[in-house]
Structure formats: structure tokens, C-alpha cells
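Please read the following numbered points alongside the sequence and the model. They are written for a reader who is new to protein structure.

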Amino acid sequence: MAKQQFQAESKRLLDMMINSIYTHREIFLRELISNASDAIDKRHFKSLTDASLVPEEGFEIHLAADEDARTLTISDNGIGMTKEELEHNLGTIAQSGSLAFKQENQTDDTDIIGQFGVGFYASFMVASHVKVVSKACGSEQAYVWESDGADGYTIEPGEKDSYGTDIILTIKPDPEGEDEDTYSEFLQTYRLAGLVRKYSDYIRYPIKMQMPHSQEKPKPEDAPEDYKPEYETVYTEDTLNSMIPLWKKAKKDITQDEYDEFYRSKFMDYMKPLRTIHFHNEGLTASYDALLYIPSQPPFDYYSKDFSKGLSLYTSGVMIMEKCADLLPDYFGFVRGLVDSSDLSLNISREMLQHDRQLKAIAISLEKKIRSELLKMQKDEREEYIKFWNAFGYSIKAGAYANYGADKEKLRDLMMFYSAKNEKLITLKEYREAMPEDQEEIYYAAGSSTDALSKLPQAEMVRKHDYDILYLTADIDEFIISQLESQDNKKFRSITAGDLNLSSEEEKKEAEEKSTANRAMFDAMKEALDGKVKDVRVSSRLVSDPVCLTSEGNLSIEMERVLNNVPNNGNHFSAEKILEINASHPIFEKLIRLYTSDPDKLKTYAKLLYDQAMLIAGMPVEDPAAFTQAMCDLMAE
């Protein structure tokens, strides 16, 4: 029979199908198995009204590899194709017989996978020749479709004993001089079995193949005493796929051990997940099943640029994307799991999803579900939530800060900070609800550790009023608080910045009068510090400590430390620092005496007090040697 040309234009189009649409050639097997499953679905649908169409052996898909002949055969006992259907479905690129079947029979109940008609041509990524032998149900005659690729195809009568389709791929020869990307791997049984488990494990029909197994030979009757067992390779027909997805089962029929085992085997984590989220969602735009896990600990590369987030994406049990990043926002990137939906719109191949409203709708729904589950854990299982927060809290914080705080309100209630009064992590809402009626602001302190923050001189005044302080110990914390601005109409206030409004009017007036009266002295101290501080003044916030540093403006002292510690940062940041002196401390009277009696020593004291305040604030001393020498000189007097 004369060779016919493909109807869909030319070699260039088929070359694009083969070389551009799919990024991994191994998915050819997934495409052909999905087509085989569709063919069986069609026969099964027809058998509901014609019992004679039910095969005696049951519905099955078979794989057979012949390394000597370099052929791989994918067989099904599905509905088969007539000569006209072979011509129509395989002779026209992007013609979907499955889609036409759904439309003709007006059924959405049959969960047919392939509906665009391109997957078959993935065969040519690995095959130099493709032969299709098919016999349609109810037909006496089988037909053979053959093609070497874009040059065209032939269709001739053939022989086949049973209904269904055999696809015989002649696998390409391995490239010369290359150690990787060989084609022979697609003739190896264990490689093929692995691809079935990876992509087609949940196809509803058994996928079978002859698999080699090592078996001990029977021990001879006359075997000597030192006889060592001998083994031989035997072949058995094994079912390669599990067929029933765990996420398709009812939750009541699944134990937590089954959930945990699936997680460990699927995601290669030796730890049990912290939480399992399994649900079905019915939506106007898209319906889907989801099985999600919150790990107990971050992957080793989670906070690195090498980590790639995403959920496995399935359609009707067939994996179409191993990691679909679009299903998760970055701040929930720690979530692992999968989504299975038959409603997704597929562009040309199953790998290339249209970013349409269905996918976006699923992503929005997943985000809401994850957030609600975390809030539920926070409320009902606080210890478990603390474990989660310690593992992934930074991811939530980074999400609240990213994009100028666009998602801060979504994440506000999830965040936790250390409470000085309660000595544990609490939420912002819990802090707000526990505030005394006379407390006007939410107080916080930012630094390297809770222990260091508890020793801040500025904290004593807040504790004196029995107000709680939030200790912010992560580098990002103060930046987040500045974006959140307030909690239930109560603004956040750093205990090291600005006026805390905790002193009485009389105390404020007294501090202001002493600052004014000693302005010349403070100016001399400021001059001695050579631009390191914006001002020196009497403090209204210190109780027993002699000195502290505070700041004015948007940049705090802790922010200065964080920003200047950023690697490869070419800029230098400096907060507007205020050196505050406690007028009730003996050091204040000492400074007054030095101003009149020994101005040079006053300068030394100013530098010492500044360095001490820097150390208390968790900041490095600019000249440790000079600081040490000054201390020694003072002690030697």
C-alpha cells in the first residue's frame, strides 16, 4: 500500500510535537498507557449494554520488551480501532478519539484521560518505527498502521486474535560515543516498571509484564555436605501498578499508619509528617482530591535557592507534573503532597498546563485549606503547632514581609512571638486580648536572644507597669512588625525607640528640665562621640541602669545590625541613636563634676558609656582595644 502523508501539514509540525512539547522523553510510556486505559474505558462503557464485550481474562494492559529485537510492545484489550479510525485518529495530529467518544456518547462519568490526541506521537521520541495492530470490537478484520515518523504512514489489513490494540515500538539505537541518554534503558524491565510506578501507578486497570526473579534451584538428592545453593532467573507475570490511589479512598477507611507510610515512601522522609490533610473539594470551577502533608522538619535545602516547591499534579490518577509550583504560595512551600483533578484544561501535552482559572481556583482553595488547618492546629494542638512554627515559622514570616506585605493579613494570625510575661510563644491576638485596659500600645524588643533582651535597661520601665513585652529574635521580625503596624487598633511600640509614654507628666517635665539645664555638658559629650549619636539627653525610661541607647526615625538599632550583616552588602546603614542618661544614677552626678573639673575625662566617660550602651544593645564596639584600655585606666585610679 502506498504511503500516506499526515493530514496535519508537514514534517516540521511533527518534529515540533516530538522534540519541543515534551521535556522528558520517558513520558512516552505514560502517554501510551493512558491511551490504552482510555481504550479499555470505552470497551467497558460499551459492555454495560453488551455483556459479550467483557473479556474472559478481564481488562488488562501488557508490556513486553525484547532486547534482541529492540522492540517494546504495549498491548490492551480495549475497544480497538477500525481502518477508518486508524486513519482518522493516528493520521491526523491532534485528533482525539477519546474526546470524540465522550462527545458522541454524551457522558462525563467515564473518566477518560487523553482528550487532545498528541500523546501517541511521543512514541517517536524513542522509536525509529512505530507499528500499531488493532482490531475493533465487533469487527472480523484487524488492521496494521505503520510509520517511521514525519514521512507518513501506511495502513494494511493484518492479523490479530482478539479485540484491542498492540503498539510495537522499534527503539532507536543508542548514540555512539555517549554514556548518558541511551535508548536501551526503555528495553529494561526494571526501568519500565519504575516508569509505570512513577507516572501510571493509579491507572485503574492492571498493567502487567514478565518480570525476572531470582529463585533457588531445588537441592539435588546427591548433593555433597558442602553444597552451596544455586539460583536461577525465572519470569513471572507481575502487576506493576497499585491501581487504587490512596487519596481516592474514604478517610474513614485509611489508618494514620497508611497515611504515614505513603508519605515516607512517596517523599523519601524517614520522619512521620506532623499533620495529614486529606480532603475532596467540589467547586464550580474545578473539583479535586488533595492529600497534603506538613513535614516534621524542613528538607536540608529548604531555605536555599536550590529548593523547589510544588505539589504532584494528577489528572484521573495519571501524574502530569511532579512538582507544580503554581499550586502553592511560597510561604506554604513546605507543604508536600498531591492534587488529583479531572477538570483541568490541558494544553497540547499533559506537561504543559494552561494557567487558566481552573488551576488558579484550585491554588486559592488549597491556600485557604492549609491556612485553616494550621489555625486549627494552633488552637487545638498547641504543642504540635509550636513544633511546626519552630520548623517553618520563618517561611510564614518571610511571606508576610514579601511583596511589601501584600499577604500579611492572610498570615497575621499564624505568626507567633515570645512573650516575656508568659515565657512562651503566643500569637499577636493573644497578646492583645491579655492587655490591661490602661495599656495603650503593644511593646516589643528586637535582638539576638530572649536572654539578652530580658536584660535590656529599657525593659525595666515596661515591666514596672506590669505590661508584657514581645521578644523578637529573628532578623526579619522587626521588619514584619513595622509592616503590620498594629493589632486590633493597638500600635506596636519598640521599647528602644521614641517615647514610651510610660512616665508621668511630672517625670517627663523633670527629665526635660535636667536635659535643658545640662545642655552644654550633653553637647560636649555628643561632640566627643564624633557623630555617633544624634543627641545625649536625660532618660525618662531608665529605672536603675545608668545608660541606654535609643533611636529615632524608621531605622532601629536592631535593623541597623541586621542590614549591615547582610553578605555582600555595599551599603552601610546607621540608625539615629540617642544616648540616654539616668539622672537618678550616681553616674549622672559624676558627669556633672567632670564637666567643670576635668573636661577631657568627661570625653572618656562619654565614650565608655556609649560603648557600654552598644554592648547592651547587642551591637559591636567599634574599637575594643580602646574600650578595654579606658576601663583599665579608670580602674587604676
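1. Cys632 has a relative accessible area of 41%, so this residue counts as partly exposed, a class that lies between the limits of 20% and 50%. Cys324, by contrast, is buried, because its relative accessibility is 1% and buried means under 20%. The model is a predicted one, and its count of disulfides is zero.

2. How many residues does the protein have, and what share of them is buried? The protein has 637 residues, and 49% of them are buried. Its secondary structure consists of 19 helices and 22 strands. Of the contacts between residues at least 6 apart in sequence, 68% join residues at least 24 apart.

3. Aromatic side chains deserve a closer reading. The structure contains 27 aromatic pairs. One of them is formed by Phe334 and Phe392, whose ring centres are 4.6 Å apart and whose planes meet at 25°, so the pair is classed as stacked; planes under 30 degrees apart fall into that class. Phe334 belongs to the loop between strand 12 (318-324) and strand 13 (336-340), whereas Phe392 belongs to helix 8 (residues 382-405). With their positions 58 residues apart in the sequence, the two link distant parts of the chain. Both Phe334 and Phe392 are buried.

4. Why is the pair of Phe522 and Phe588 called tilted? The planes of these two rings stand at 40°, and the term tilted applies because this angle is neither under 30 degrees nor over 60. Their centres are 6.4 Å apart. This pair, too, links distant parts of the chain: Phe522 lies in helix 15 (residues 519-528) and Phe588 in helix 17 (residues 586-597), 66 residues apart. Phe522 is buried at 0% relative accessibility, and Phe588 is buried at 3%.

5. Phe334 and Phe392 are also members of one aromatic cluster, together with Tyr302, Tyr303, Phe307, Tyr331, Phe332, Tyr385, Phe388 and Tyr394. Within this cluster, Phe307 has the charged end of Lys323 over its ring, 5.7 Å from the ring centre. A second arrangement of this kind involves Lys369, which lies over the face of Phe279 at 5.1 Å from the ring centre.

6. The strands may be considered next. Strands of a sheet pair through backbone hydrogen bonds, in either a parallel or an antiparallel sense. One open sheet has three strands in the order 20-22-21, and its pairing is mixed. Strand 20 (535-538) and strand 21 (547-552) are the edge strands, each pairing on one side only. From one strand to the next, the twist averages 30°.

7. In which sense do strand 21 and strand 22 pair, parallel or antiparallel? Strand 21 pairs with strand 22 (residues 576-581) in the antiparallel sense, over six bridges. Across this pairing, Cys548 stands opposite Glu580 of strand 22.

8. A hairpin is formed by strand 14 and strand 15, with four residues between the strands. Strand 14 (residues 416-419) and strand 15 (residues 424-427) are antiparallel and share four bridges. Met416 is placed opposite Thr427 of strand 15. In this hairpin, Glu423 adopts a positive phi near 55°.

Key:
Residues are numbered from 1 along each chain as its sequence is written. This is a predicted model: local features need pLDDT of at least 70, side-chain atom pairs count only at pLDDT 80 or more; totals for chains, interfaces and linings use all residues. Side-chain values use heavy atoms; hydrogens and water are left out. A disulfide is a pair of cysteine sulfur atoms within 2.5 Å. Buried means under 20% relative accessible area, exposed over 50%, partly exposed in between (1.4 Å probe, protein chains only). Two strands pair if DSSP finds at least two bridges between them. Axes are lines fitted to C-alpha atoms, for helices over the stretch in contact, and angles run from 0 to 180 degrees between N-to-C directions. Rings of Phe, Tyr and Trp (its six-membered ring) pair if their centres lie within 6.5 Å; planes under 30 degrees apart count as stacked, over 60 as edge-to-face and the rest as tilted. A charge sits over a ring if NZ of Lys or CZ of Arg is within 6 Å of the ring centre and within 35 degrees of the ring normal. Contact means heavy atoms within 4.5 Å.
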